[in-house]
Structures are given as structure tokens and as C-alpha cells.
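Thanks for asking me to look this one over. Here are a few notes you may like to have beside you as you browse.

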Amino acid sequence: MPTAVSRQPSSKMQHGQTFHSAMRPILLLYQVIGVFPVYGITRKDPQDLRFRWLTLRALFSVTIMLIGLVMSVVEYERLTRVGGVNTQSIIGILFYMDTVFSIMLLVMIAQRWKQLVVKFGEIHEVFVFGSSGGEGKKGIHLPIRATACTLLVNCIVLHVISKAADMVNQYREAKFCGWIVDNFPHYYATRNYSFVLKHVPYNILIVLFFEYLDVALKLAWACHDLMIILTSIGISFYFHEIYEKVQIFGNGIMIANEKFWIEIRFQYVLLCEFVKEANSHLALIIVHSCCKNLYLMCYELIKIVRKEQSTASRIHHWCSLIYLIIKTTMVFHNAAMVYETAKAPLVVCRSIPNKGWCSELERYIAQLRSDKVAYSGIGFFRLTKRTMLAMVGLVVSYQLVMLKVAKDTKGIGAVVPCSRLAFSRD
């Protein structure tokens with residue numbers, strides 16, 4: 001087996017469409033919401049990337065996590081006041097605790113980001129300046145940025161729908177209970193952020209700050225899943241480059257020499273080693289993403305079957321469920337494509353006639369058959385197309401369990417209509 005040799009990225013390579021340059025605007029958005037405190041993102045050379053704890057960006061990320069923990073405590077106190085926990089009331093504390101954990105995982109990735117991106121640069125150099133091909137026809141910027149834009153925009157739209165549903169419900173609540181609302185923004189703030197406003201006077205800047213935190217914490221969930229999706233797209237892109245190089249020899253008209261297959265095997269081994277390295281960094285995120293999305297889909301299904309909810313809430317929960325299905329499918333599909341694109345040349349190689357066979361081709365085919373090139377969740381499962389089908393079955397099974405729990409806890413911790421605890425975290 002050829003050994004993948006470490007190469008330092010050249011300055012010429014940095015002007016191409018690299019994974020580092022493709023991720024630049026996405027990671028800048030990550031930093032706006034305080035989840036990826038890495039310096040040097042705007043630099044062309046990934047060697048300039050660095051992570052340090054004693055920096056403003058790292059302190060900002062820690063601050064966001066601490067506020068998330070404070071919100072978890074506030075949610076816990078609210079649950080103790082309503083006198084019980086059910087499948088619906090517990091979502092608040094789970095959201096904040098899970099978001100803090102998601103940000104922690106992203107900060108852990110940020111500490112190793114330079115290592116991953118430099119390796120991506122080495123792979124890019126091998127593929128672009130290798131002897132058997134030049135720059136690919138399609139760049140890596142478009143699939144990565146389009147995917148990130150789609151997911152993040154949908155997340156923001158869902159957040160707007162959520163806020164709109166909250167405002168409609170709170171307006172109807174005030175009207176139903178006969179509460180006089182002269183200033184709705186002030187009423188909205190006191191109903192949602194009374195745990196702060198009971199200590200400090202009402203100020204629009206304070207309200208906007210907590211609204212920003214709400215957006216940042218919700219986007220952190222999307223950024224968490226997006227890290228799996230985008231690294232999968234980056235790896236699949238180069239595996240597909242191998243497939244395109246091999247494909248032209250499948251009909252037997254053109255015959256590749258042994259030197260060509262040596263280079264193909266070198267590129268394949270280089271990518272396989274990188275998949276293992278990337279998976280070692282992303283394994284916890286993969287497990288956490290699968291468990292989180294599974295629970296949230298079941299939760300939204302329970303909310304949808306409720307008959308007493310308002311039309312605004314029903315629209316919000318349907319949109320949330322659709323978004324979760326799309327996001328989860330994107331995670332599994334793109335992660336599964338690492339395995340699919342790695343194995344794709346096997347069919348082509350088998351169709352090569354005898355006159356095109358050589359010892360290097362036989363070794364390459366043997367590797368394609370035996371290698372397990374896929375993202376995995378700490379070795380418990382591999383993300384392939386079969387895993388997607390298993391996920392569907394798991395959702396059905398887990399949904400039945402949650403429906404039973406929801407039935408057993410119905411009425412426990414329910415807020416009395418027109419109570420001051422309704423729609424509030426105080």
C-alpha cells in the first residue's frame with residue numbers, strides 16, 4: 001500500500017478554490033454568534049490559523065455558554081414552580097443545556113481546525129497539481145456555500161416563524177384574559193424576559209441583546225450539524241475527482257498505465273487517512289447530532305398531534321418538523337456520500353478489460369472492497385444509506401415511547417390559563 005506523504009501547501013495552491021477559502025464566510029458567521037473562536041480565517045494561508053483561550057473571541061464563546069447555563073437554571077426554576085415535568089415543558093431546559101454542549105463541541109473542533117484545514121490543503125495540492133489531471137471542472141466553493149446558505153437561511157426563517165407564533169399567542173392570551181396592553185413590545189419583553197426585568201428597568205437594548213442570544217443559540221444547533229455536512233461535502237468532492245479520472249477507462253477504449261494507478265492509489269489512501277482523522281475529531285458531534293435530531297423530530301410530532309394548540313403554533317410546529325427532516329436528511333445524505341463516492345470507482349474498475357489490468361489496479365480494487373471509508377459515531381455505527389433507513393425505523397419506535405410518556409404525564413406541570421407563568425420564564 002502506498003503511504004500518503006505529508007506535503008506543505010504551496011502559496012500557488014492557496015489561490016484556488018480550497019476548502020479553507022470555501023469555509024471562510026461561513027466561519028465568519030460562526031464567529032458572529034460566538035461558536036468558533038479561531039483567528040486567521042480571513043488569511044489565505046491556513047498555516048496562519050490559530051486558537052488561543054485568552055482572546056476576545058474565546059471569551060465571547062465562553063460568555064455565550066455561561067449565559068446558556070444561566071438560562072438552563074432559569075428554566076429549571078420555572079419547572080419547579082409549575083409543579084411537574086412533562087414531555088412539552090422540559091424542552092426549554094433541554095434546549096439550553098444541549099446548545100451549550102453543542103457550542104462546547106464546536107469549540108473543541110476549533111482547537112483542531114488548523115490541523116484539519118492544512119490537511120485539506122495538502123489534498124487539494126495533490127489533486128490540482130498531480131501529474132494525471134489539473135483543476136477540476138467544478139469548484140468546491142459552490143456546493144459548500146450553497147448548502148450552508150440554504151440551511152442557515154431556513155434556520156433564520158424558522159426562528160422568525162417561531163417568534164411570530166409567540167407574539168400571536170401572547171396577544172391572544174392578553175385579549176382572552178382581559179389584560180390591558182398599551183405597549184405590546186413592553187408586554188412581550190416582560191412576558192419572556194421577566195427573570196431579567198424584575199432586577200433591572202425595562203430597556204430596549206437589554207431586550208435586543210437577549211433576542212440576539214436567542215438567535216445565536218438556535219443558530220448554534222444548525223452550525224453543529226453543518227460542520228458534519230460541509231466536511232462531508234469537501235471529502236466527497238475529492239473522492240469524486242478520483243472517480244472522474246477512473247471513469248474514462250471503464251469502456252476499454254483507453255488503457256491506463258501502471259503509473260496512473262499508482263497515483264490513483266496514492267490519492268485514495270491520502271483521502272482514506274484523512275477520513276479517519278476527520279472522523280476522530282467529529283465523532284462526538286456525529287453521535288450528538290443523530291440523538292438530538294431524533295429527539296426533536298419525535299417532540300415536534302407530539303406537538304403536532306395536540307388538538308388544543310392555536311393555528312399559529314400548529315404552523316410553527318409543522319415548519320419545525322419539515323426543517324428537522326430536511327436538516328437530518330442533509331446530514332445523513334452528505335455523510336453517506338463519503339462512503340458512496342469512495343466506493344464508486346469499484347464498478348468502473350471491474351469493467352476494465354484484461355489488457356488494462358496490472359498489479360496496481362488489482363491492489364486498488366482490493367482496497368476498494370475491504371476499506372471501510374465512512375464517518376462513524378465513535379465506532380457504534382457508520383453513516384451510510386442503510387443508516388438513513390435505520391434512522392426512520394428508530395424514529396417510529398422512539399415516537400411510540402414518547403407518546404406513552406406524554407399520555408402518562410398529561411396534565412402534570414400544566415400552566416393554568418391566564419397565569420403569570422404562561423409564556424414566561426420567570
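The points below cover a helix check, the core, and one buried glutamate with its surroundings.

1. A word on the source: this is a predicted model, so please read each point with that in mind.

2. Helix 3 makes a good geometry check. It runs over residues 91-111, and its 21 residues should span 30 Å at 1.5 Å a residue; the end C-alpha atoms are 30 Å apart, so the two agree. Helix 3 is also mostly covered, with 15 of its 21 residues buried.

3. Next, the core. The largest nonpolar core holds 117 residues, and W113, F239 and W261 have the most contacts inside it. Helix 9 (residues 258-305) gives this core its largest share, 23 residues.

4. You may want to zoom in on F239. Leaving aside residues up to four places away in sequence, F239 touches Y268, L271, C272, V275, V338, T341, A342 and V373.

5. Is E211 buried or exposed? This residue lies in helix 8 (residues 204-247). With a relative accessibility of 16%, E211 counts as buried, because the cut-off is under 20%.

6. E211 has company there. Beyond residues up to four places away in sequence, E211 touches K163, Y188 and Y193. With Y188 there is a side-chain to side-chain polar contact of 3.3 Å.

7. Y188 leads on to helix 6 (residues 184-192), where the buried residues are Y187, Y188, A189, R191 and N192. These buried residues of helix 6 pack against helix 5 (141-177), helix 7 (194-197) and helix 8.

Conventions. Residues numbered from 1 in each chain as written. Predicted model: local features only at pLDDT ≥ 70, side-chain atom pairs only at ≥ 80, totals over all residues. Heavy atoms only, no water. Helix = DSSP H or I, 4+ residues; strand = E, 2+ residues; numbered from the N terminus. Expected span 1.5 Å × (residues − 1). Buried < 20%, exposed > 50% of the residue type's maximum accessible area, 1.4 Å probe, protein only. Polar contact = N/O pair within 3.5 Å; in protein donor to acceptor, adjacent residues only side chain to side chain. Contact = heavy atoms within 4.5 Å. Core = buried A, V, L, I, M, F, W, Y, C linked by side-chain atoms within 4.5 Å.
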